[in-house]
Amino acid sequence: MMQKMPILPLVDRLTDGKSVTLTTSDGLNVLIQPEVAAGKLTGNYVSSALPGIRYDDPRIILKETLTEFDARNVTISSID
């Protein structure tokens, strides 16, 4: 079952060029952030839980990260 969390404030942070760290119940820190190449924002977003995957919409990277958490049966213990 998909975890519930405050998505819109996180989307706003990502859109503003800031990162989001989700700490899981097993102590893993997952960084979600805008992608930077050659010192410039690319318009894509990446998640350390999804290596090699990028999306151009912060809502999708958040959703896919939460889906990965569900597949691993871990929950979010904090959001920074």
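Arg 54 is found in strand β4, which covers residues 54–55. Keep in mind that we are looking at a predicted model. Is Arg 54 buried or exposed? Neither word fits, because its relative accessible area is 43%, and that makes Arg 54 partly exposed. For contacts, I leave aside the neighbours within four places in sequence. What remains for Arg 54 is Glu 35, Asn 44, Tyr 45 and Val 46. As for distance, Arg 54 and Thr 23 are 31 residues apart along the chain, and their C-alpha atoms are separated by 20 Å.

Next, the chain as a whole. It has two helices and five strands. Starting from the N terminus, the order of the elements is α-β-β-β-β-α-β. How compact is the chain? Its radius of gyration is 12 Å, close to the 12 Å that the globule rule gives for 80 residues, so the chain is as compact as a globular protein of that length. Along the principal axes, the C-alpha atoms fill a box of roughly 35 × 25 × 20 Å.

Some totals for the chain. Of its 80 residues, 32% count as buried. The exposed area is about 4,900 Å², and carbon and sulfur atoms supply 53% of that area. If we take contacts between residues at least 6 apart in sequence, 43% of them join residues at least 24 apart. The chain has 8 positive and 10 negative charges, and the mean positions of these two sets are 3 Å apart.

Now helix α1, residues 7–15. Which of its residues are buried? They are Leu 10, Val 11 and Leu 14. These residues sit on the same side of α1, because they cover an arc of only 100 degrees around the axis. What do the buried residues of α1 pack against? Four of the partners are strands: β1 at 20–24, β2 at 29–37, β3 at 40–47 and β5 at 76–79. Helix α2 is also a partner. Just after α1 comes Gly 17, with a positive phi of about 90 degrees.

Gly 17 leads us to strand β3, by way of Leu 41. Leu 41 has its place in β3. Along the chain, Leu 41 and Gly 17 are 24 residues apart, while their C-alpha atoms are separated by 8.0 Å. Is Leu 41 buried or exposed? Leu 41 is exposed, because its relative accessible area is 58% and the cut-off for exposed is over 50%. Leu 41 still has contacts beyond its neighbours within four places in sequence: Pro 34, Glu 35 and Val 36. Glu 35 has come up before, since it is also on the contact list of Arg 54.

Two residues have a positive phi although they are not glycines. One is Ala 38, with a phi of about 55 degrees. Where is Ala 38 found? It is in the loop between β2 and β3. Ala 38 is exposed, with a relative accessible area of 82%. The other is Asn 73, with a positive phi of about 60 degrees. Asn 73 lies in the loop between α2 and β5. At 70% relative accessibility, Asn 73 counts as exposed as well.

That leaves helix α2, residues 58–72. I will take two of its residues. Glu 64 has its place in α2 and counts as partly exposed, because its relative accessibility is 25%. Which residues does Glu 64 touch, not counting those up to four places away in sequence? The answer is Leu 50 and Tyr 55. Glu 64 and Ala 49 are 15 residues apart along the chain, and 9.2 Å separates their C-alpha atoms.

Thr 67 is also found in α2. With 31% relative accessibility, Thr 67 counts as partly exposed. From Thr 67 to Pro 9 it is 58 residues in sequence and 19 Å in space, C-alpha to C-alpha.

To go back over the main points: the model is predicted, and the chain contains two helices and five strands. Leu 10, Val 11 and Leu 14 are the buried residues of α1, while Ala 38 is exposed in its loop.

Terms used:
Residues are numbered from 1 along each chain as its sequence is written. This is a predicted model: local features need pLDDT of at least 70, side-chain atom pairs count only at pLDDT 80 or more; totals for chains, interfaces and linings use all residues. Side-chain values use heavy atoms; hydrogens and water are left out. Buried means under 20% relative accessible area, exposed over 50%, partly exposed in between (1.4 Å probe, protein chains only). The arc is that of the directions from the helix axis to the C-beta atoms. Contact means heavy atoms within 4.5 Å. The radius of gyration is taken over C-alpha atoms; the globule rule is 2.2 Å times the number of residues to the power 0.38. Accessible areas come from the Shrake-Rupley method with a 1.4 Å probe; for residues, only the protein chains shown count as cover. Lys and Arg count as positive and Asp and Glu as negative; His and the chain ends are not counted. The place of a charge is taken as NZ of Lys, CZ of Arg, CG of Asp or CD of Glu.
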